[in-house]
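User: I should like to understand how terms are applied to a molecular structure. Please show me the structure and explain the reasoning.

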Amino acid sequence: MLQAATVAIGAFLLFSIQPALAKLLLPVFGGASSVWTVCLLFFQSLLLGGYVYAHWTRPRWHKALAVLSLAALPMMHAAPSAQAAGTSPTWALMMALGTIIGLPYFVLATTSPLLQRWSNLENPYRLYALSNLASLTALLAYPFLIEPWVTLRVQLYAWSAMYAVFVVCLIAASPRQYKVLESGDGAVSPRDFASWTLLAAAGSGLLVATTNQMCQEIASFPFLWVIPLVLYLLSFTLCFDHPRRYDPRAYALFASVAIPVTSALWVVGANFNLWLLLAVYAITLFVCLMLVHGELARTRPAASNLTRFYIAVALGGALGGIFVGLLAPLLFRTYAEFPILLALCAAATLLQRWRTGQIVSLWTMPPLLRAASTGLAFSAVVPLLMFDTGSSGVIDQRRNFYGVLRVTEKNDEQGRRRMLTHGATTHGFQFLEASRRRTPTSYFGWASGVGLALENHPRREAGPLRVGIIGLGAGTLARYARPGDRFRFYEINPDVIAMSSQHFTYAAQAQSPPEILAGDARLLLAAEPPQNYDLFVVDAFTSDAIPTHLLTAECAVLYKRHLAPGGHLLIHISNRALDLEPVIRGLARSIGFNARRIDSPADPSQGAYAATWMHLTPGGTPSTGREIRWTDDFASLWPILRR
């Protein structure tokens with residue numbers, strides 16, 4: 001009973017800390033969706049190390065390590081202020097995680113396999129199912145019961161206290177001696193180990209790749225991190241609970257439809273209903289995970305080889321994370337790992353069924369099994385045919401830690417244009433005809449909130465304006481600079497700076513050349529003296545949303561410090577998935593500003609999109625409407641999701 005309770009507590013702590021830590025570090029690395037990808041890679045790597053350790057360690061060694069890990073508590077709320085100069089964001093994030101949580105997380109990662117090994121139960125896999133159930137509980141509790149109601153500081157201190165309780169339970173539950181199980185049921189062959197590793201890698205990689213797809217469509221935040229991880233653990237729980245939970249033929253038939261459909265939507269996703277697209281991604285992920293985890297459960301070894309099996313699973317999990325988190329950004333200029341991993345899930349399942357004798361000959365198999373196998377083979381091929389679909393007109397494409405950037409050209413009834421997109425979101429475009437090249441387009445047209453504020457600022461006629469802008473994009477806002485004006489852009493993504501200068505001429509043709517600073521705007525603003533901006537514009541989008549750390553009350557104080565007396569603040573909130581207006585109203589009230597919403601209609605003749613901006617001015621009558629006040633310690637996107 002004590003062992004079961006310890007396993008459950010450890011699993012709850014293991015997965016409840018993951019979104020909390022990612023949320024803590026998200027602002028430090030610009031709010032990029034890759035933050036969660038790298039966090040998963042870190043967690044999977046420690047899990048692998050923990051499983052290898054669990055295979056060799058003894059109870060007294062582990063008790064000593066658990067006590068030693070208490071020295072890391074309590075976890076401090078303060079995250080590293082910035083990455084070291086010259087260090088890639090990926091490695092800087094990995095080092096930050098190791099410093100904050102490394103040893104306690106490693107101890108937690110060993111808990112389930114160790115206590116299963118030491119329990120001498122006839123069926124220790126029941127503890128594995130209990131572990132997955134506790135993990136599911138933690139993940140479901142975080143976005144609905146923890147994040148919306150508990151500050152990050154309290155979360156971390158409460159977790160530290162629970163971890164101390166866990167260590168006490170672990171010491172009490174660890175036996176003085178235990179019986180070493182003999183491998184009487186057959187040793188694990190290299191082929192078995194390799195096949196388990198491949199199945200686990202396919203599932204783990206698809207988990208991370210699907211999460212990337214979801215986050216680039218909306219924003220990187222715990223609710224979207226948790227959904228795929230819940231499906232991942234649910235599939236493990238179902239498959240390892242009882243053989244009846246996994247019907248190989250049914251899930252193969254589901255996959256033969258879901259994988260090709262999802263592959264097609266991967267190409268046209270930007271033009272598809274957002275929530276339906278996310279639902280399709282989630283369903284397909286679950287079907288694929290049931291396939292690979294079902295095959296893992298079906299071919300699991302006897303208890304004597306339990307830790308070897310878990311090492312193979314953990315190794316596959318780490319390899320899947322390495323492929324998506326480290327290799328894919330180097331190998332691909334798009335999120336090509338997503339269709340690759342869809343295909344791999346189908347192919348790995350087919351291979352495992354062939355190895356174990358479920359598939360012998362298509363002509364001698366029963367019709368239903370034949371259809372299922374043929375469908376899986378079809379699903380293993382279709383995603384690989386989608387790579388170059390939709391790439392027409394691309395003249396430059398780059399991928400880095402912050403996502404995929406693409407420059408495309410098109411010619412339609414409105415004229416020839418060049419467009420910069422980040423994921424599925426447009427970050428500006430420019431007409432290529434000489435007579436229209438300086439026309440401000442997309443969300444920055446003459447009638448937009450920012451266009452009106454720049455052209456009609458009360459100080460416009462008195463002399464040059466000082467304007468600060470977070471987010472460069474195609475450099476469109478440089479068009480509004482008049483002789484003598486000082487426009488200063490803050491841009492975190494070096495590829496945006498390079499592609500903007502190489503493919504667009506807004507900045508080069510500006511009447512007053514802008515200054516461009518590379519780095520996270522909040523860190524740069526905190527480090528420099530007040531700039532006395534007459535107008536400060538926040539247009540920093542990571543895919544389709546402004547990073548949350550740029551909309552907190554603490555950041556609002558920073559904006560106000562850099563405004564001249566009477567200066568204005570403009571914040572872009574056009575968004576398919578999030579209603580950011582209440583957050584901006586809360587931000588405005590926190591610094592004593594009045595907030596006014598400005599909606600502008602689309603004007604195809606001018607290349608203008610429909611846009612929504614919030615115009616914040618000092619003093620005046622406080623605006624009315626729903627307000628949500630975000631702080632560095634407390635922010636949740638769940639209340640502002642557009643249903």
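Analyst: The following exchange sets computed values against definitions. This is a predicted model, in which local features need pLDDT of at least 70 and side-chain atom pairs count only at pLDDT 80 or more, while totals for chains, interfaces and linings use all residues. Residues are numbered from 1 along each chain as its sequence is written, and side-chain values use heavy atoms, with hydrogens and water left out.

User: How do you know that the span of helix α6 agrees with its 22 residues?

Analyst: Helices are DSSP runs of H or I with at least four residues, numbered from the N terminus. The expected span is 1.5 Å times one less than the number of residues. For α6 (residues 152–173) this gives 32 Å, and the end C-alpha atoms are 31 Å apart, so the two agree.

User: What makes the pair of Y443 and Y609 edge-to-face?

Analyst: Rings of Phe, Tyr and Trp (its six-membered ring) pair if their centres lie within 6.5 Å; planes under 30 degrees apart count as stacked, over 60 as edge-to-face and the rest as tilted. A search of the whole structure finds 26 aromatic pairs. W196 and F309 form an edge-to-face pair, at 5.0 Å and 85°. The centres of Y443 and Y609 are 5.2 Å apart and their planes are at 75°, therefore this pair is edge-to-face.

User: Why is Y609 called partly exposed?

Analyst: Buried means under 20% relative accessible area, exposed over 50%, and partly exposed in between (1.4 Å probe, protein chains only). Y609 has 23% relative accessibility, so Y609 counts as partly exposed. W196 and F309, in contrast, are buried.

Terms used: Helix = DSSP H or I, 4+ residues; strand = E, 2+ residues; numbered from the N terminus.
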